[in-house]
Amino acid sequence: MNKDIVDLINNNQEFILTSHVNPDGDSIGSEIALFIYIKSLGKNARILNYSPTPDNYTFLDKDKVIEQFDETKHKDMILNADVIFILDTNEYERIRTLEPFIKLSSAKKTVIDHHLGFKPEEFDYYIIDTNSPATGEILYRFFKDIEINYSGKKIINPQIAEALYTAIMTDTGSFKYERTDAETHLIISELLKHGINPYDIYSKVYNNATAGKLHLLGRFLENVKLLYEGRLAYSTMLQKDFKETDTDEYAIEGFSTHLLSLSTVTLGIVFTETKNGVKLSFRSKGNVYSNLLAKEFGGGGHQNASGAFVAGGRINDLIEEAVKKAEKYLEEIKIN
Ligand SMILES: [Mn+2]
């Protein structure tokens, strides 16, 4: 991958970076890290996201460079860009209203992600590493390769280190999910040498709850249902839950881990009623393929974390349907 991308960056001037709807630590961290690198070469770059940056990740955007996509303001910028990087995103649908302009743009389009999804033929460069637990880890290796083999100059500075650390910390569930391996820890060790503070970063990302969020979590836990000898756990969040706790749908990020904390559970589902449909989030343990179930609802993702959105769907119907369909995915698939 690297030589092509090194040349792509060196030989162009106008860059657009984007990532998925409801960005997470890996999206924002990866965008900031790549942005700083591109800018350091004297190029122009903009980060355009469909969603605003969640409050707990704004510390990464020290110079407030991330912009929320606005069609009138940014359309021409996208159409006329030289290169567009789509980070941590595996399908066009997840960049929402940016999709038509990116498709129309004459820019060279590059995907860097750790999920399968996009059709490679729709892109000029398609860098997918499903062994990486985070896009931030792919970028770390990219930067190290440039430092060693191409530029001889140090790329990773404290700000990039903080962004990549946050990307990897959040996408590995603080270094515990599948695909967290020795290399991940070695990379983290290298990043820590830049003087970043793990406790400080963790606090900024996770110790930011409001009373409303705790009350919402209370409801979420109260609503947990267990089925199939305790192998399936699910919970439901309704619009009234958000209204009554003065929160919104973004507040449930991370709640699904509570479902997997039950020892018997292999698959957890969170059903969220939104204003225009129902969101289904699937989480699983080991070789339980949650993404196959997500696919049955027109969604996708990877083995242990996936999701689907059913526009206009009714939540009770979807719970019934998903519970029924889930049964055949609850057993681990043994691979010899
Ligand atoms: Mn990611």
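1. Helices here are DSSP runs of H or I with at least four residues, numbered from the N terminus. The model under review is predicted. Taking a salt bridge as a Lys or Arg side-chain nitrogen within 4 Å of an Asp or Glu carboxyl oxygen, the count comes to 20.

2. One of these pairs sits inside a single helix: lysine 3 and aspartate 7 both belong to α1 (residues 2-10), four residues apart, or about one turn of the helix. Their side chains form a salt bridge with an N to O distance of 2.9 Å. Lysine 3 is partly exposed at 43% relative accessible area, and aspartate 7 is also partly exposed, at 29%.

3. A salt bridge of 2.8 Å, N to O, joins the side chains of arginine 141 and aspartate 129. Arginine 141 is in helix α5 (residues 135-151) and aspartate 129 is in the loop between β6 (125-128) and α5, so the pair ties together parts twelve residues apart in sequence. Relative accessibility is 25% for arginine 141, which counts as partly exposed, and 22% for aspartate 129, likewise partly exposed.

4. Lysine 328 and glutamate 296 meet through their side chains at 3.1 Å, N to O. Because lysine 328 lies in the segment after α13 (315-326) and glutamate 296 in the loop between α12 (290-295) and β11 (300-302), this salt bridge ties together parts 32 residues apart in sequence. Lysine 328 is exposed, with a relative accessible area of 56%, whereas glutamate 296 is partly exposed at 30%.

5. On networks: Asp129, Glu137, Arg141 and Glu183 are joined into one by salt bridges that share partners.

Definitions and conventions
Residues numbered from 1 in each chain as written. Predicted model: local features only at pLDDT ≥ 70, side-chain atom pairs only at ≥ 80, totals over all residues. Heavy atoms only, no water. Helix = DSSP H or I, 4+ residues; strand = E, 2+ residues; numbered from the N terminus. Buried < 20%, exposed > 50% of the residue type's maximum accessible area, 1.4 Å probe, protein only.
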